[in-house]
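Q: Please take a close look at the salt bridges in this model. I would like the individual pairs described, and then their setting in the chain as a whole.

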Amino acid sequence: MPAPAPPPRTDEDRARDLVGKLVAHDFAGAVATFDDQVSAALPIDKLQGVWSQIESQVGAFQRIDSVEVKPTGSGDARLALVRATFQHAPLLFRISFRGSDRVAGFFVAPGEWQPPPYARLDAFEERPVQLGASPVLPGTLTVPKGAKPAPVVVLVHGSGPNDRDETIGALKVFKDLAFGLASRGVAVLRYDKRTHVEPTATVRTQKDEVEDAAHAAVAMVRTQADVDASRVVLVGHSQGGYLAPRIAKADPAIKGLVLLAASTRALEDSIVAQLAYLTTLDPSDTKLASAMDQAKRFKAVVESPALKPDDAVAVPFAPSTIPGSYFLDVRDYHPEKVAAALSIPMLVLQGERDYQVTVADDFGAWKAALAHKKNATLRTYPGLNHAFATGDGPPSPADYAKAGHVDQSVVDDIAAWVTALK
């Protein structure tokens with residue numbers, strides 16, 4: 001009697017099979033499952049290189065946690081979402097099929113964010129808000145339950161087109177802060193950055209890009225009945241911290257400043273310094289050497305006395321040019337000097353593993369400028385990087401591919417400092 005025919009293979013079977021081939025380094029077998037378009041984009045050697053990079057960032061494969069298959073709404077296309085755990089971080093595989101059993105699309109992304117262990121999800125509630133105009137920016141207000149009104153912090157992003165969570169690879173810096181601070185009695189407003197909402201818009205100054213939205217956010221949050229309008233604190237991270245003293249100078253009613261990994265150096269100097277550091281990690285990397293040449297040319301252009309507001313400036317790693325006005329806007333701006341002249345209290349926090357904003361070059365400048373201020377508190381954290389997440393070994397961009405959270409000590413320190421303001 002003939003053996004019964006095996007059941008037909010499902011899309012879940014095919015998705016699991018593809019991940020299994022990658023884990024086994026069977027790249028030829030993996031490519032054999034691709035359709036013509038995907039195999040042309042990811043031939044064996046390129047797929048091997050991609051997988052090698054993934055393993056170097058997140059470590060060894062441990063397990064598949066779940067597979068979800070769903071239609072995409074486009075003809076007979078289906079999407080398999082494979083959630084897997086690796087040594088250092090979870091990953092999400094997005095594998096699509098169309099018509100036949102061939103793989104018609106293959107993408108790998110950081111795994112889904114999970115609330116930090118220090119968050120108490122029953123201690124707060126969130127609601128959507130909008131702020132500003134041209135464009136209107138969507139945001140989220142996270143408010144503690146219980147006693148009202150609560151002190152409130154407004155989060156101001158670092159450089160780049162950040163979303164309201166300040167997603168950096170596998171990390172969500174602002175969402176961690178929102179959940180952690182609201183669990184400790186502090187309301188939090190976070191919002192999408194202008195360049196996230198309008199990626200193709202021309203931004204002529206850092207005021208256009210960052211400061212106008214921050215002022216709109218502060219004005220909006222003061223209208224909310226369940227927060228204390230007299231205790232609005234600005235929390236700036238990276239570029240947001242760099243600009244925070246200028247924002248506070250323009251709004252004397254801001255109660256205090258928290259500066260997280262806040263640079264005191266101009267963008268051109270920071271980029272050159274970061275590339276110089278990364279080159280020490282891999283001196284043979286020709287792409288880094290080329291990027292360093294571009295950064296030096298960029299620095300020369302923006303520091304030139306001949307720079308005009310309408311000049312188109314090529315910025316390393318930026319997809320398009322930026323007008324000269326963006327750099328002229330901050331040419332004579334020194335955030336630590338502006339901060340030193342403010343009367344409001346300040347909390348300056350810095351990770352010691354941060355290679356982008358450093359203890360030596362940036363935190364040292366804050367410390368010197370604010371030494372005379374009795375209401376300024378400055379603190380560093382061993383083992384924390386630019387996102388205030390823990391790590392080990394030489395810091396690098398690979399840090400951001402690893403799942404993690406803003407360290408609880410940072411959340412505790414901010415919450416204690418804000419709630420002590422009277």
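A: A salt bridge here is a side-chain nitrogen of Lys or Arg within 4 Å of a carboxyl oxygen of Asp or Glu. By that criterion the structure, which is a predicted model, holds 26 salt bridges.

One of them joins the side chains of Asp-11 and Arg-78, with an N to O distance of 2.8 Å. This pair links distant parts of the chain, since Asp-11 lies in helix 1 (residues 11-23) and Arg-78 in strand 2 (residues 77-86), 67 residues apart. Asp-11 and Arg-78 are both buried, that is, under 20% relative accessible area.

Helix 1 also contains a local pair. The side chains of Glu-12 and Arg-16 meet in a salt bridge at 3.0 Å, N to O. Glu-12 and Arg-16 are four residues apart in helix 1, so about one helical turn separates them. Glu-12 has 30% relative accessibility and therefore counts as partly exposed. Arg-16 is likewise partly exposed, at 35% relative accessibility.

A further pair is Asp-269 with Lys-299, whose closest N and O atoms are 2.5 Å apart. The bridge links distant parts of the chain: Asp-269 belongs to helix 9 (residues 267-281) and Lys-299 to helix 10 (residues 286-303), 30 residues apart. Asp-269 is partly exposed, with a relative accessible area of 28%, and Lys-299 is partly exposed at 24% relative accessibility.

Some bridges share partners: Asp-11, Arg-14, Arg-78 and Asp-101 are joined in this way into one network. The buried pair Asp-11 and Arg-78 is thus described both as a bridge and as part of that network.

As for the setting, the protein chain has 14 helices and 16 strands. Its radius of gyration is 24 Å, close to the 22 Å that the globule rule gives for 422 residues, so the chain is as compact as a globular protein of that length. Buried residues make up 50% of the 422 residues. Of the contacts between residues at least 6 apart in sequence, 65% join residues at least 24 apart. The charges of the protein chain number 45 positive and 50 negative, and their mean positions are 4 Å apart.

Charged residues also occur in helix 5 (residues 173-182), where the buried residues include Lys-175 and Asp-176. In that helix 10 of the 10 residues are buried, so helix 5 is largely enclosed by the rest of the structure.

Notes
Residues are numbered from 1 along each chain as its sequence is written. This is a predicted model: local features need pLDDT of at least 70, side-chain atom pairs count only at pLDDT 80 or more; totals for chains, interfaces and linings use all residues. Side-chain values use heavy atoms; hydrogens and water are left out. Helices (H or I, at least four residues) and strands (E, at least two) are DSSP runs, numbered from the N terminus. The radius of gyration is taken over C-alpha atoms; the globule rule is 2.2 Å times the number of residues to the power 0.38. Buried means under 20% relative accessible area, exposed over 50%, partly exposed in between (1.4 Å probe, protein chains only). Contact means heavy atoms within 4.5 Å. Lys and Arg count as positive and Asp and Glu as negative; His and the chain ends are not counted. The place of a charge is taken as NZ of Lys, CZ of Arg, CG of Asp or CD of Glu.
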